[in-house]
Amino acid sequence: MLDGVDEMGESSPIQALNKIAQELTNWLGQARVILTCRLNVWDATTNNNILPGFTTFKTQEFTPEDVEKFIRDWFAKANKINHGEKLIAQLREEGKERIRELVTNPLRLSLLCQIFDQDENGELPETKAQFYQLFTRYFYEWKPELVPDLITSYELREKLHQGLGKLALAGINSDVRFRLKRSFAVKAMGDERLFNLACEVGWLNQVDRDAVNDEDVYAFFHPNFQEYFAALVIDDWRYFLNHVADNPDQGVYRVFEAKWKEVILLWSGNKNGGQAYQDQKEEFIKALFDFQDNCDNFYWYQSIILASHIITEYKECSLAEAIVWLISSWAVGDFNEQEQKWQDFPLYIKNFASKALLKTNSSLAVEFLEIFIEYKIGETGKINLRDLECLGLIQPGNYYAVNKVIYLLQNSKNWSIRQEAARILGDIAFGNLEAKNALLEVIHTKTGDLLASIPDFKVDSEPDSITKLRQGLERSKILNNKSELDFRASESLYKIDPGNPEAIKTLINMSCWYISAKCTYENAIFLLKSIGLRQPEAIVELRNKLNSNNEAVRGAAAEIFAKVEPNNQEVIDILIELLCNGSPVIGEVEDLLTGNKKSEILEDYRHYAEYALISVGVDNLIVINKLIDLLYSVNKSENIVKITNILAQIGTENTEVISVLTNALKNNLNDKFRREIAENLGIADPGNKEAIDTLLNLLNNSENTTDCITVMWSLEKIAVGNDKAIESVANLLPNFQDIQIWKRAFSTLEKIAVNTHNKIAVNVLTTLLDNYKDESIMYTVADLLSIIDPDNAIATEVLSKWFPRDMQLGFSKKLWEILNLDKIPKKIFDSTKYRKESQEYIWHCAQNMSYPKFYHVWHSSKLSLKNLENQFTDTHSLLTQLQPTTKTYPLPLNLKNLQNETDIIEISQEICNQIYLTAFTAPEEIPTVINAPQLKSKIPQIKKYLKTENLALIINNCEANETIINFCNKLTDVLHIAFITEQPLNPPLRGFPQQQNLLNTIQNWINEIE
């Protein structure tokens, strides 16, 4: 155990790590070694791969329960238990949200305990700035023997803080920001003695040596302190905002730059400076409130949101109520006096405002939201769940919000509203007895009682068959919706009342394979994996189900155990047995229109077993070996296909898997099964010639449309970039007699021929353009031609003249995709309709561009949104030039929609969306995910599709907040992840600041990934 690597007696932590690396050789290299290091130091040193064999862990933040336990333990050691309870009570008070957030860090919490212990008044700091001010005071007392002069001399401390402030400000204003060369630091501080003192006391730490000139590189003790010291030396609010309305180039607009937000908040929370300083803050807030951007308020909205954050630090602000009232109206809507009706703001403004309300004065936000929601109900007669959720998230347990949601759960006739109400209660009603009872009521309501309430539907003039059809549809609707509602209720009940046996029981009962509610049972299994198996009663109940005679029950229980215990041979054997011998449920199905009956397979548990083995078997040698042995012994072609499919999904590039799949292909003569086995072989062994040749032979000899289309589906999965496959599919296009084959061929080429410049495909498409003059056909052909052969002159000419009508009608929905292709005729950009329909896109531009740049584009002779897009997507366009290596495939992700996002579900789905949209040319379906484990389960499929061992995500246009960082850290065992950011990140995440050689720097990182 090597503790405090950054404090070793070496010239730098890098030298310390080098020394450790040299020692960890021979027999000592076989030992397990744990070392600890400060975050910013480790982040800098691991760039050099000094200790590549180490796995990096970051200490996690405290939960509220952890915080209180730490405080009790700390003051118990100090024999001041009552003092500790007083601190806990004060932290629980309203208005202490910011301090509660700060002390989730163990070091800051320890310092707060020390501050509270030494302050005889026992009062907490009111702002973040005050916290850091107290922190700095006690920072010197942490190791007094190092800096006795700083403890006794106020004047020396002030000089040091001023010097540090100048350095901090210079760093933030520069491109380097956090990595400060020694010469840069000394010059900015103005005194080498102050620089040396800052290093002695620990405010500055050497983190690296510049590779070019061998100069020491330093970083602040923590980025927050760099921002704090910077705020100390700013004496005029105009440093942040100096608006020159008619010529923004002469103004100052740091208020619209994300890197200055924390500095602004710390400056606003500083209590020193007397009345003159308070007047400055008031003037600053007023300037933000009155800001006129002359760009349809796109920047005024942002200035108000910033003001709403400032008032949490500057609590005396006279405009606080006006600011929060304004944002509340954006979130909920307001009554339009002119039109005499309730009016909602655009969705992007509503979402922006709702998130802002979570970070502003919570008591004002709650008060005003309740007023607006009640006003809205009175005017519209409707209760909006999103409004109530916002209120409940700001103040968990809010009586008004909880009771309104309970009312909708119990009384709404709309199943979707009831399901959403059940979900929301789990997030806003922790410990609420009424909510618990309402959810239990849902769970206890029997499906049979609901089915009994189905109306007769009988109409005198209507045939009985139609009546039966109506009843059947209503019955199906009730079964599906009741199942989903029960799941939501159980999930929320567990959140409200952790360990509630009714919730666990319901989830276990839902853990049954049935197609009518596949999503529900999958969610139930996922939730049980997370929470259910912690309880002995749940384990006993599930183990009993492993012995059930009902295959659906036995299989689901085995799937749960297999996900938690992937090497459990008992449950793997159950799944394999069901895969081969599961009995399909066959029933008589009556055609409600004709009355005819026929036998159909209602449920096939073999499919469920197949999916379960895929989900738990990736690189699992126990599962792989059992299936290989099984493949040699089974005779039924159907089972052979199922086993080869599973092996392909879980054993990519496994030589034994490839061998048995090759044998299976040779020994099977049925064309249908040969296609499936060939596809599986191509997945297991990307680029496998025998697999692709088999599919092309089937394609060329297919006798009907269905066979031809299914072969092309298979080619899409395994023949990307294969010239023979591209040419074979392209040669189907001149045959316009079968529209289904024609459409499928286009779709297949979009997936397998991107940027290949395949000459035969280009010639075929060029000929089609010569032969057909139909507008929609020409656009479709030209679009595909530009995908295969970018910058093709013929395709560009066609696309500049034609634009499909369906895209004009739904333009805003297609906007992102189209802009990336850069093919829209100029007249589309200049149209008023375009501008009106693209408000959300303009809003995104405003959040990612400097105000002067946006202003100039806005006021140019013609509003060209393409110009806006070019201004802020240059970096992302650059990233698309990154090249894959033999082992690593880069996926640049433009996560602009996640800026400041903290909702895990939103983060999960958006990252999933962007991965699929980037990895697949046109994904047929993007899966729904709600957390990191679910997203992680999709990664093997993407790696197989891209034929790569590693995936590297390069995230742009999204500053990594704590929630996103924690989320990404959960993915780093299956993904390499980097951010384009100025802030230092803890490995294994990587951060790349904007720089002239950005592309080369990231490409080198990708090249080094093994």
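A residue is called buried when its relative accessible area is under 20%. The legends below describe close-up views of a predicted model.

**Figure 1. The stacked pair of Y916 and F920.** Both Y916 and F920 are buried. The pair counts as stacked because the ring planes meet at 20°, with the centres 5.2 Å apart, and planes under 30 degrees apart fall in that class. The model holds 41 aromatic pairs by the ring-centre rule.

**Figure 2. An edge-to-face pair, F131 and Y132, and the cluster around it.** The ring centres of F131 and Y132 lie 6.0 Å from each other, and the angle between their planes is 90°. F131 has a relative accessible area of 0% and is therefore buried. Y132, at 1%, is buried as well. Ring pairs join these two residues to W203, F220, F221, F225, Y228 and F229 in a cluster.

**Figure 3. Strands 1, 3 and 2 in an open antiparallel sheet.** The three strands follow the order 1-3-2. Strand 1 (180-181) and strand 2 (204-209) are the edge strands, each pairing on one side only. Strand 3 (residues 216-220) is joined to strand 2 by five bridges, and the two run antiparallel. Within this pairing, F220 of strand 3 stands opposite L204. F220 is also one of the members of the aromatic cluster in Figure 2.

**Figure 4. Two positively charged side chains over tyrosine faces, R254 on Y239 and K281 on Y277.** R254 lies over the face of Y239 at 3.9 Å from the ring centre. For K281, placed over the face of Y277, the corresponding distance is 4.8 Å.

**Figure 5. Helix 35 (residues 689-700) and the helices packed against it.** Helix 35 has 12 residues and reaches 16 Å between its first and last C-alpha, close to the 16 Å expected at 1.5 Å a residue. At its start, a side-chain oxygen of N688 comes to within 3.0 Å of the backbone nitrogen of E690. The buried residues of the helix are A691, I692, T694, L695, L696, L698 and L699. In an α-helix, residues three or four places apart point the same way, because there are 3.6 residues a turn. The packing partners of the buried residues of helix 35 are helix 33 (655-667), helix 34 (671-684), helix 36 (705-718) and helix 37 (723-730).

**Figure 6. The surroundings of S908 in helix 49 (residues 904-919).** S908 has a relative accessible area of 0% and is therefore buried. Its side chain reaches the backbone oxygen of I904 at 2.6 Å. Apart from neighbours within four places in sequence, S908 is in contact with V929, I930, N931, A932, L935 and F967.

**Figure 7. Strand 11 (residues 950-956) between its parallel partners, strand 10 and strand 12.** Seven of the seven residues of strand 11 are buried. N950, A952, I954 and N956 point one way from the strand, whereas L951, L953 and I955 point the other way. Strand 10 (residues 888-894) pairs with strand 11 in the parallel sense over seven bridges. Four bridges join strand 11 to strand 12 (residues 976-980), and these two strands also run parallel. I954 of strand 11 takes part in the register with both partners, standing opposite P892 and opposite A978 of strand 12.

Technical notes: Residues are numbered from 1 along each chain as its sequence is written. This is a predicted model: local features need pLDDT of at least 70, side-chain atom pairs count only at pLDDT 80 or more; totals for chains, interfaces and linings use all residues. Side-chain values use heavy atoms; hydrogens and water are left out. Rings of Phe, Tyr and Trp (its six-membered ring) pair if their centres lie within 6.5 Å; planes under 30 degrees apart count as stacked, over 60 as edge-to-face and the rest as tilted. Buried means under 20% relative accessible area, exposed over 50%, partly exposed in between (1.4 Å probe, protein chains only). A charge sits over a ring if NZ of Lys or CZ of Arg is within 6 Å of the ring centre and within 35 degrees of the ring normal. A polar contact is a pair of N or O atoms within 3.5 Å; within protein, one must be able to donate a hydrogen and the other to accept it, and residues adjacent in sequence count only if both atoms are side-chain atoms. Contact means heavy atoms within 4.5 Å. The expected span of a helix is 1.5 Å times one less than its number of residues. Two strands pair if DSSP finds at least two bridges between them.
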